[in-house]
Number of protein chains: 2
Amino acid sequence: MGLIVQKYGGTSVGTLEKIKNVCKHIKETKEKGHKLVVTISAMAGETDKLIEMAYALAKNPKEREMDLLLSSGERISSALVAIHLNEIGVKAVALTGRQCGIITDSAHTKARIKSIDAKKILKMLDDDYVVIVAGFQGISEDTDDVTTLGRGGSDTTAVAIAAAIKADVCEIYTDVDGVYTADPRIVEKARKLDRITYEEMMELASLGAKVLQIRSVEFGMKYNVPIMVISSYTYNPGTLVTWEDENMEKVLVSGIAHDKNQARITITKVPDKPGISARIFGAIAEKNINVDVIVQNASEAGFTDISFTVARNEADKAVDVLKPVIKEIGASDIEIRKDISKVSIVGVGMRSHPGVAAKMFDTLAKEGINILMITTSEIKVSCIIEEKYLELAVRALHSAFGLDKE
Amino acid sequence: MGLIVQKYGGTSVGTLEKIKNVCKHIKETKEKGHKLVVTISAMAGETDKLIEMAYALAKNPKEREMDLLLSSGERISSALVAIHLNEIGVKAVALTGRQCGIITDSAHTKARIKSIDAKKILKMLDDDYVVIVAGFQGISEDTDDVTTLGRGGSDTTAVAIAAAIKADVCEIYTDVDGVYTADPRIVEKARKLDRITYEEMMELASLGAKVLQIRSVEFGMKYNVPIMVISSYTYNPGTLVTWEDENMEKVLVSGIAHDKNQARITITKVPDKPGISARIFGAIAEKNINVDVIVQNASEAGFTDISFTVARNEADKAVDVLKPVIKEIGASDIEIRKDISKVSIVGVGMRSHPGVAAKMFDTLAKEGINILMITTSEIKVSCIIEEKYLELAVRALHSAFGLDKE
């Protein structure tokens, strides 16, 4: 008898038939004697439909109202799941983010969970309910408004609740059957990983492998929640995200990640004075735009060029924010390049093995791929390259680091 | 400069184009200098779509979860309206039922408003926002769960808020252009009424004229809120629901109402003992099923037949509830008849004019229409008749009481 949190993604509940399947699986889990909390995403396509309507009505929809709008999708799907569970004899109750005590900050459309008061969930579990939770949403601590946790936010809802109620495991049911050494659509020889560390998963998530939302992995690591990625088609065990063990260290690189959602912004002839960078990146941060790779080149005496990458869909917004700043600081111009991508190698093994980065650069050079920007962390190396070379780069690195399956 | 509450129904916000039209009208009202609260229904068809999904997943969906499900429609439409208003330069904020402080009882799917704490609305009005309110919903006082107010509940939201903030008028925009002396689809010569009393409107609403939810009229009368029914196509002034004035008293009958959503249930050979009626109608009330007309006939010594009407869509549920009760009290059988309808004449003038009922019965008799059951109040007389005679009855009464337009 365990305490389990499950999370079903949008494709898993995309039709009424699929909702019935999910309910059947929940019933089977419950009948094994487990206590069960289930987080549900919006039905596939629903969130996109709502976003489309909002953008048909406004160029820049108010984010507070977007959250009220988008949170509806998960309320609908979680109510439907609870309704069918009761129909097939499983005592179930649907709770909203607010009712689950999920308090977030006020960064609408990408809020972060600050705390969870799980007493209602625990009370319902004690009363033998399967607790169905509307994912992706919470309530802002200051204004009591509905917030959403960003794309993939239901993963974070699930893991955060698992942490709050000290669940034995958080099972993420999704339309992939686990975490792969690379995207199987690009690399035919990609292999499924049985285990991966939180740190590696975080790097992979932030690098564009869309299996789990990065915040969910952070929560898992911080609160020691094992996360199991499972296919919602086969229900076969997929990949366990957990702590490092000895075997894992032996592998140099665990996976190759890539991200097309990249744009480079270059500000030219920036006066080389203290406080200028803070002014630039402060203005961007204020708008909640994440900056990824930053490179500063000396160009001529007293001036410098600053390049950085942002998500491609936020690039225009970033340029709008920066235009007045450029004038104010006396820089020359701002340029934007959207035909770039990021490829990365990730592995905890890197810590104890030097020369991994060099091998990566060498591999790319051999394929004639020019590296535009580089960034590294303890367990990853990322290169910004022209988008047209991306697939080639991923396949070459996958092979060079011995990840191809036999 | 006034304080106005407006309410737009589902067809008024049924498409993105219509939402834009509504926003334009809101903007024009705001620009006249009024303070404005706007209650929005779900986009036409959305609530039905959600109900359909629920019933595809369960024969008797849990009402608590139904409310969570159905309340989503109004959250979506109110968010969309607020989003577009901001786009066209009107400062607007969307609030949920909870954020509007709407506290209800716990009768899920047909909850009643117990109180409104309007301080958030008033604060937003002071800050010069147009306040967009998700209609049809509140929060139950005991359990903090989402509740809904029943079909047409957004009317009640609007009038209740108008009462709470002491608005000058509550404008109900709908797909009809006012209250008519009879349904114009049945009576070609029906006339639009410029004014009608709260009492008459309540009788008409409860009798099946679907212009306003009955609870909203009760609120209007109790808290002295003038209610203006306006066409959302023409924006022309329609019918004002208000207090009686001298002119209105002169009219014997103000309107003819009809209701097809009727079924008669007859329990035969009920032992004629004290407490039996209480047992029968107590069991029905417990399931929140409304009973309308009740007739008790002496049949044979020591036994009686009891007939009553309920909404046709609740008739099967009522019979299910009563089957064990029939056994328990030793009655003979339970019969159900669904081919009946109700026709009613309504008018405050009746109070001071005797003989109105007699004239009604006479009119029906002349058309060869048999009366199955009768019920009366101070300002109305209703007859249950066979459904096939309904249109004929409405037209005959409309003409007999001098309501036909020239």
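Chain B and chain A bury about 3,600 Å² between them, and 63% of that area lies on carbon and sulfur atoms. This is a predicted model, so to speak a proposal for how the two chains meet. Within the area that chain B buries against chain A, Leu57(B), Arg75(B) and Ile83(B) supply 20%, more than any other three residues.

Who takes part? The contact draws on 45 residues from chain B and 45 residues from chain A.

Let's look at the polar side of the interface. Between chain B and chain A there are 3 salt bridges. In one of them, Asp145(A) pairs with Lys120(B), with the closest N and O atoms 4.0 Å apart. Across the same interface, 16 residue pairs are in polar contact, counting residues at pLDDT 80 or more.

On the side of chain B that touches chain A, the elements giving two or more residues are α1, α2, α3 and β3 of chain B:

| Element of chain B | Residue range |
|---|---|
| α1 | 16-31 |
| α2 | 46-57 |
| α3 | 63-87 |
| β3 | 92-95 |

Of these, α3(B) gives the most, with 17 residues. By residue type, this side of chain B divides into 24 nonpolar, 9 polar and 12 charged residues.

Now for the symmetry. A turn of 180° with a shift of 0.1 Å along the axis lays chain B on chain A with an RMSD of 0.1 Å. The two copies are therefore related as by a two-fold rotation axis. In chain B, the C-alpha of Ser72(B) is nearest the axis, 2.7 Å from it. Both copies use the same surface, since 100% of the contact residues of chain B recur in chain A.

How values were computed: Residues are numbered from 1 along each chain as its sequence is written. Chains are lettered from A and ligands numbered from 1 in the order in which they are written. This is a predicted model: local features need pLDDT of at least 70, side-chain atom pairs count only at pLDDT 80 or more; totals for chains, interfaces and linings use all residues. Side-chain values use heavy atoms; hydrogens and water are left out. Contact means heavy atoms within 4.5 Å. Buried area is the accessible area (1.4 Å probe) that two parts lose on being put together, summed over both. A salt bridge is a side-chain nitrogen of Lys or Arg within 4 Å of a carboxyl oxygen of Asp or Glu. A polar contact is a pair of N or O atoms within 3.5 Å; within protein, one must be able to donate a hydrogen and the other to accept it, and residues adjacent in sequence count only if both atoms are side-chain atoms. Helices (H or I, at least four residues) and strands (E, at least two) are DSSP runs, numbered from the N terminus. Ala, Val, Leu, Ile, Met, Phe, Trp, Tyr, Cys and Pro count as nonpolar, Asp, Glu, Lys and Arg as charged, and the others, Gly among them, as polar. Copies are superposed by least squares on the C-alpha atoms of residues with pLDDT of at least 70 in both.
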